Every structure is written in structure tokens, then in C-alpha cells.
Amino acid sequence: MDIHINKLYFGWPASTFSLEIPHLKVASEDSLAVVGASGCGKTTFLRLLAGLILPDVGEIFLNGQDLKNLSETQRREFRQRHIGFIYQDFRLMDYLNMKDNILLPWRLARGRDPKDTLVRDRLYRLIESLGISHLMNRTLDQVSSGERQRVAIARALIMGPSLLLADEPTGNLDPENKLMVCKLLQDKAQEYGATLILVTHDQAIVDRFSHSVDFGTFQSNRTMEKEVG
Amino acid sequence: MNRHLLYLAMRYLMHHRRRTFLLWLGLSITCLLPLGVHHLTKMFEARLRSRAEQTPLLLGVRGNDYDLVLHALYFRNVLTERLSMGDWNQINQREGILAIPLCHTFRARSYPVIGTTIDYFDLRQLSFASGHSFTELGQCVLGATLAESLGLGVGDTLMSDPENVFDLAGSYPLKCRIVGVLAPTASVDDSAVFVDLKTQWIMEGLGHGHDAATPESMASGEWTTSQEGDIVATAAVLPYLEITQANAADFHFHQATDDLPISAVLIWPSSVMASTLLLGDYQDPSQPLQVIRPTEVVDSMMAWVLRVRSFLDWNYFLVALAVGSFLLLIVLLSLKLREEECGILRDLGGSRSWIFRLMLLEWGALLLASGLVAFGMVRVLGFLLQHWLERFL
């Protein structure tokens with residue numbers, strides 16, 4: 001998915017925090033690591049990209065579509081079909097087993113699109129390739145952190161997204177798992193032809209990406225000009 | 001309904017079993033109390049009314065209508081003021097009137113003993129599960145529940161309870177032979193002992209049987225001669241405690257039959273006119289006797305019961321309001337607790353209405369389950385309490 005941000009400004013109400021991105025372009029199927037100190041707006045950036053919040057000023061084009069021009073329902077449907085989310089704390093539902101957690105985005109999309117068989121095929125391919133087939137009937141307290149993150153990755157990929165947004169996905173993992181999950185994400189993004197935007201603090205992770213932006217630096221300079229890909 | 005929504009709601013409820021159970025229990029009890037009281041009152045009313053409808057009119061000593069109805073229809077209490085067989089005769093001789101005398105003073109093994117005539121069985125449409133109606137003095141017929149709970153049947157005997165264990169000069173208990181057991185009717189008749197009126201009077205001591213005065217018994221002092229020259233029995237002459245073929249002829253009454261007491265008369269008029277005329281004749285408040293319509297008394301009793309129920313309904317309404325407030329608080333707290341979960345669902349593409357419907361479905365399922373269980377419990381309670389109501393009414 002092509003991402004094009006133009007003269008973006010966003011500020012949280014009742015807060016001094018603001019995010020300004022004059023220009024940022026990420027080409028389809030490319031990947032970008034986003035680094036920066038806490039509170040510099042990395043997560044806000046991901047939420048803007050997902051259309052969960054809208055910029056006060058400026059445009060965000062995803063595949064040429066300005067998110068501002070979409071209604072809330074259209075943005076939600078766009079998110080369901082095209083965007084996969086991965087979080088640092090996994091955010092899996094404790095009342096669902098791992099299989100149901102992976103299928104949650106499909107259920108939220110009312111199970112109409114894509115069709116059952118397609119999702120089933122994708123599910124089995126995903127859990128096979130991520131090595132989590134044996135976890136499907138287990139609950140959250142029966143799996144390790146590394147396994148939880150792999151389940152979260154499967155959940156993000158189940159709808160076949162073209163944009164993967166990962167918010168510090170390796171933050172809660174041990175060094176060995178960190179690199180493994182990072183590689184897994186990159187491999188899967190490549191396999192699904194998805195653009196990967198990954199927020200991290202970890203230099204070792206950043207080193208594995210060909211492109212990165214430091215939000216801290218850009219924010220302090222109040223400018224952000226970057227073209228990736 | 002969206003099957004995915006239903007699936008997720010069920011998964012949530014199943015996962016939080018303890019929480020779900022507690023909520024379900026609370027809601028079930030909240031529903032059960034008013035539903036149960038309503039159902040029981042309805043059952044109570046139906047039973048009370050059906051018995052009253054079977055008996056168009058009642059004759060008794062003027063006084064408390066409720067006491068008379070409870071006594072004559074439900075065998076609940078013993079009346080101190082009684083009428084006589086003469087009163088019954090007067091009514092029974094009227095055209096278009098069928099009257100059944102009833103006398104209930106004693107109990108046997110705590111069950112009411114009802115003295116009546118054999119017509120009672122026909123008019124109440126009571127049939128015999130075994131044996132037959134009483135035909136001789138000292139015989140009795142048992143209701144189905146009573147026979148079952150005491151383990152008695154045809155051929156056994158049943159002793160009436162002593163009137164007063166401290167009064168040695170009072171009436172003596174009488175051993176009755178059981179000659180019939182009634183088929184169950186789900187009414188108060190199932191828990192009563194029926195005897196002939198004469199047997200009832202013998203229990204009361206109004207009639208008795210004893211050894212005749214002989215020169216030997218006169219000599220032994222069991223009998224004496226009064227100043228008027230009459231032969232009088234002393235306390236040493238004991239009455240028979242059982243009526244047998246051998247001693248039946250020795251039983252006698254010292255009063256004319258018309259003077260012997262009864263406690264009420266059940267009346268079946270053959271027409272509205274016969275009924276109206278009878279009611280008119282006993283309308284005068286200065287008369288010692290009264291004729292009443294049991295249905296009117298039952299309606300007035302039920303109006304009182306319903307007033308109590310309406311008070312209870314208000315009480316339950318307030319309780320339900322309090323429970324509703326607590327539930328609202330729980331819902332709000334639960335929403336607060338599930339804020340993060342809602343956030344994830346929104347991030348993954350769930351709409352606010354979808355999330356709202358999910359939670360609504362969870363609560364709806366809980367409410368439905370509670371309602372169904374409460375409804376089922378009311379039915380089960382009704383079934384279990386039916387037996388108790390049968391004994392009571």
C-alpha cells in the first residue's frame with residue numbers, strides 16, 4: 001500500500017502535544033522502522049495511518065485515497081480489509097482461545113468478506129508457517145509471550161492486509177524472540193505484499209530495516225521530510 | 001442475528017463463569033420472587049374458587065362468613081356456635097333444595113373428622129379407590145392423601161383424637177373401622193376422615209354404648225338410683241370405645257335427632273328461584289341462622305389476599321428497581337473494565353454499534369436465561385406446592 005502524507009498536523013485536545021509531518025512517502029510493499037523517544041507521537045502516527053483518528057490539518061493518502069474523504073463507516077471497512085494491527089502487549093482477548101483470537105477481525109467484519117473457505121485456508125497456512133498450530137485450542141494463560149506475539153501476528157494477517165502497523169511488537173519479548181518476531185514480520189509482510197510500518201526503541205530491530213525515521217529528531221526540528229522506497 | 005456476535009457473546013459468558021453465574025443467580029431470584037408470588041396467588045385463588053363454586057349455598061349460625069366458609073368447605077376451623085338437625089330438616093324439606101348436613105368437631109391423628117351423610121360423596125363427585133361408603137355406626141372413609149400418609153386401608157382402624165387429655169369426664173376417643181378409601185381429588189377431601197353423623201355424635205359423647213345395668217353391677221355400685229327413682233350410671237360405668245356387631249345395639253342417644261348438633265349445611269338449589277327464595281328467607285339479620293354464597297365470601301377473601309399481593313408487588317417493584325440500579329452500576333463498571341477490550345475491537349474494525357450489540361447480547365442472554373429459569377422454577381414450585389395447597393384447601 002502506498003502511503004503519502006502531506007503537511008500533516010495533529011494535536012490532542014487539552015494537551016501541548018502535537019505531531020507535524022510535512023512530507024512522508026512510503027512505497028507499496030516497502031517497510032519502515034519508526035523510532036523516537038516516548039511521547040514523540042509514534043503511536044499517534046500509527047493511529048492516524050489506521051484512520052482511527054484524523055489529522056487536524058493535512059492529508060493522509062493510502063493507495064491514493066485520502067482518509068479524510070471517507071466516512072467513519074468507510075474508514076472502518078477500509079481498516080478491516082486493508083490494515084493489520086500488532087501491539088506490544090499483544091492485546092489478545094482472554095475469553096477466546098487462540099484460534100478465535102486470530103479469527104476475531106474476520107468475525108468483526110461480520111464474516112461476509114472474505115468467504116469462510118478463504119479465511120480457513122489462510123488461517124491454516126498462517127498457523128502452519130508461524131508454528132502455532134498446536135496452540136489453537138489454548139487460552140491466553142496457556143501460551144508464552146513469544147507465542148502470544150505470533151498469534152497476534154496471525155490475527156493481523158488473517159484478513160490479508162496491505163498495510164501492517166506494528167506498535168513496538170518486540171517490546172515484551174526476550175532478545176532471541178525479538179529478532180525472530182521481527183524477521184517473521186518482515187517475511188510475512190513480503191509474503192502478503194504488505195507495507196510494514198514498525199515502531200520500535202530497539203536499535204537492533206532498526207538495523208534490520210532498510211529505511212527508518214527518527215520521530216524525535218524530526219519533531220525537535222519541527223519538520224519531517226522523508227521519502228522511502 | 002449475527003452468528004459471530006452470538007458466538008463471541010457466548011464465549012465471553014462461558015469464560016467468566018463465576019461472574020456470569022452470580023449475575024444469573026441474582027437476576028433469576030429477582031424474577032422468581034414476583035413471578036412465584038403471582039403464580040401461587042393464582043393457584044390459591046383458583047383452588048379456593050373452584051371449591052366454592054362447587055357449593056352454591058351454605059347454611060350456618062349467623063356470624064363470621066369467613067369462618068363458616070373455611071369450616072364447611074375447607075375443614076379449617078371448628079365452630080363454637082352450631083345449628084341443629086332440625087334446622088337442616090327445615091331446609092331439606094323445601095322444594096328444589098338438596099341439603100347435606102356437616103359436622104366437624106373432632107380430629108383423628110390430626111386430620112379432620114367430618115360427620116355427614118353418604119350423599120356428600122355423590123354431590124362432591126367422590127369415587128372410591130377401594131371399599132365402600134360407611135353403612136354402620138363406627139365405620140369411616142378416608143381421603144386418599146390421608147390413607148397414603150398414614151399407611152391405612154380398608155380393614156384397618158383409626159382412633160379419633162381425645163377431645164381433651166386433661167378432662168377425664170370428657171368424650172372418649174372412638175376406634176373407627178375403615179371401610180373405604182376415596183380416589184384422589186386434589187382437594188381438601190383427600191385429607192379428611194368421613195363418618196356418619198351418628199358416629200360423629202358418639203365421638204362427641206352425645207350418644208354412647210355401655211354395659212346394661214344388672215343386679216350384679218347395681219350391687220357393685222356401678223349403677224345407683226336417683227332421688228327420683230331413676231337408675232343412674234356412676235363414673236365407674238365406662239362407655240364402649242369401639243362399635244362392634246356385638247355392642248352396636250347398646251348405642252343410644254339421650255336427645256331427639258332434631259336436637260343433635262351440626263356445624264353447617266351444604267346446599268344445592270335446583271334453580272335460581274329456589275336459591276333466591278332461600279336467601280330471602282334467611283336475610284333477616286335478627287335470625288340466628290344465615291345462608292351465604294361461598295363464592296362471594298371467597299371473592300372478598302381474595303380481594304384481601306390481592307391487596308396483600310399488590311403491596312408485595314410494590315415491594316418487589318422497589319426491590320427490582322434497586323436490583324436494576326445495581327445492574328446498571330455493574331454494566332457501567334463492566335464497560336469501564338472492558339474499555340481496553342472495546343478499544344481493541346474498534347482498532348480491529350468493530351463499530352460502536354457492533355460492540356454495543358455484543359454487550360447487549362451478553363446481557364440479553366443472561367436476562368433470558370434468568371427469566372427462563374425463574375419461569376421454570378415457578379412451575380416446579382407450583383408443582384411442589386400443589387400438594388401443600390391440596391392439604392390447605
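Reader: Which residue takes a positive phi in the hairpin of β4(A) and β5(A)?
Author: This is a predicted model, where local features need pLDDT of at least 70, side-chain atom pairs count only at pLDDT 80 or more, and totals for chains, interfaces and linings use all residues. Residues are numbered from 1 along each chain as its sequence is written, while chains are lettered from A and ligands numbered from 1 in the order in which they are written. The hairpin has two residues between its strands (strands are DSSP runs of E, at least two residues; helices are runs of H or I, at least four; both are numbered from the N terminus). The phi near 50 degrees belongs to A:Asn63.

Reader: What is the bridge partner of A:Leu62 in β5(A)?
Author: β4(A) and β5(A) (residues 65–66) pair in the antiparallel sense over two bridges. Pairing requires at least two DSSP bridges between the strands. The partner of A:Leu62 is A:Gln65.

Reader: Which residue of β4(A) stands opposite A:His4?
Author: β1 (residues 3–11) and β4 (residues 57–62) of chain A are antiparallel, with five bridges. Opposite A:His4 stands A:Phe61.

Reader: How many residues of α5(A) are buried?
Author: A residue is buried if 20 or more other C-beta atoms, placed from the backbone, lie within 10 Å of its own (exposed: 12 or fewer; partly exposed: in between). Among those buried in α5(A) are A:Arg148, A:Val151 and A:Leu157. The helix is largely enclosed by the rest of the structure, because the buried count, out of 13, is 10.
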